[in-house]
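User: I'm new to this one. Could you take a close look at one sheet and what packs around it, then tell me how that part sits in the whole?

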Amino acid sequence: MSATKTDIMISTRLTGNPTSCRFQISENVYEGGAAFFQSKEEAAGSPLAAKIFEIESITSVKIAGKVVTVSRHHPEDWPSVTRKVAELIKAQINSSEPAVKDGAASSMRSPEEIKKIANEVLDAEINPSVASHGGHIEILDVKETTVYVKMGGGCQGCGQASNTLKQGVERALRDKLPELDEVLDTTDHAGGTNPYYAPSSK
Amino acid sequence: MTKKIKIPIKAAKAVEEENEFLIAAPEVKKLLDEKAKFSLVDIRTEAEFKMMHIEGALLATRDLVEEIFNKWPKDSQVVLYDHTGAQAMMGAQSLVKKGFSNAKAIAGGIDAWSEAIDPLIPRY
């Protein structure tokens, strides 16, 4: 039953924040939901997270299903980190120990807490600057660790909206909420009575 | 029937057969494995280079670019790459115009490299 899995595929992608990298794995690492750790001490009860924290410069580790997200103090030399993390993930999948132990301390925030913090970030850092372009961004909903935003005012339909979202909003939110999975735009950029850009009818 | 334009990375593979300025990622991997005599030059920003680069690549600083233009033999094999391919292809074109007939760019850039060769170089 415990045959060693050798064909585990792992691909990596930086999140909206260059200090944070998402590992997409072909196998489940942890099936118990999402676990998030912001220190070596918190990770003590969870073998995979504890081992990842032994790598220099790690600030947080999130383990959820087939995804592991690792954040660091700085974005330099990612491959030296991704190779170590990938080895640890493979070893974890082939070990009999769970990646996260039952009742392990996890600093996973509830969707309500995430929404509250995300709103604070928007009000303090984002909306004052997008307001100068007549824009406004609000949090529509938070499901687990995915944030849905709505871009209103001058942002709606603007060709720069996706840049604002990726470079500005997502980065600022991830600074305060490193456990975020995705930041999605729910705006109908072509709708309403006054979108910034009205697509030509073809 | 007009041909549909494909998305960059997939297109890079198709275009590669037709475009004299491009080289496919697996071929560059082969050159590296064979320890072939060629120079791999990363034309992205220094910050991007520091985040990740293909092992063995040189960062295209101003000094290096001047050195290539002024001192390297015109028959040097030079492979450029950028993030997703477009800029490096223009770079290869201008090198060819200056007489470097063996200059090429990696089709799809380091993004295609991550996809096809080394998935532990994070895409971004």
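Analyst: Start with a pair of residues facing each other: A:I139 stands opposite A:V149 in β7(A). This is a predicted model, in which local features need pLDDT of at least 70, side-chain atom pairs count only at pLDDT 80 or more, and totals for chains, interfaces and linings use all residues. Residues are numbered from 1 along each chain as its sequence is written, while chains are lettered from A and ligands numbered from 1 in the order in which they are written.

Strand β7 of chain A covers residues 146–153 and pairs with β6(A) in the antiparallel sense, over eight bridges. Strands here are DSSP E runs of at least two residues, helices are H or I runs of at least four, and both are numbered from the N terminus; two strands pair if DSSP finds at least two bridges between them.

Zoom out a little, and you get an open sheet of three strands in chain A, ordered β6-β7-β8, with mixed pairing. β6 (135–143) and β8 (182–185) of chain A are the edge strands; each has a single partner strand, so one side of each has no neighbour in the sheet. On average, neighbouring strands are turned by 30° against each other, direction ignored.

Now for the helices. Helix α3 of chain A (residues 111–130) lies across β6 and β7, running at about 170° to β6(A). Helix α4 of chain A (residues 161–176) lies across β6, β7 and β8, at about 145° to β8(A). These angles run from 0 to 180 degrees between N-to-C directions, using axes fitted to C-alpha atoms, for helices over the stretch in contact. Contact means that C-beta atoms, placed from the backbone, lie within 7 Å.

What about the cores? The largest nonpolar core has 54 residues, and A:I52 and B:L80 are among those with the most contacts inside it. Its largest share, five residues, comes from α2(A). A second, separate core of 19 residues includes A:I114, A:I137, A:C155 and A:A161. A nonpolar core is a set of buried Ala, Val, Leu, Ile, Met, Phe, Trp, Tyr and Cys residues joined through C-beta atoms within 7 Å, and buried means 20 or more other C-beta atoms within 10 Å of a residue's own.

As for the two chains, 15 residues of chain A are in contact with nine residues of chain B. β1 (10–14) and α2 (78–93) of chain A each supply at least two residues of chain A's side. The predictor gives the complex an ipTM of 0.83 and a pTM of 0.80.

Conventions:
A residue is buried if 20 or more other C-beta atoms lie within 10 Å of its own, exposed if 12 or fewer, and partly exposed in between; C-beta atoms are placed from the backbone.
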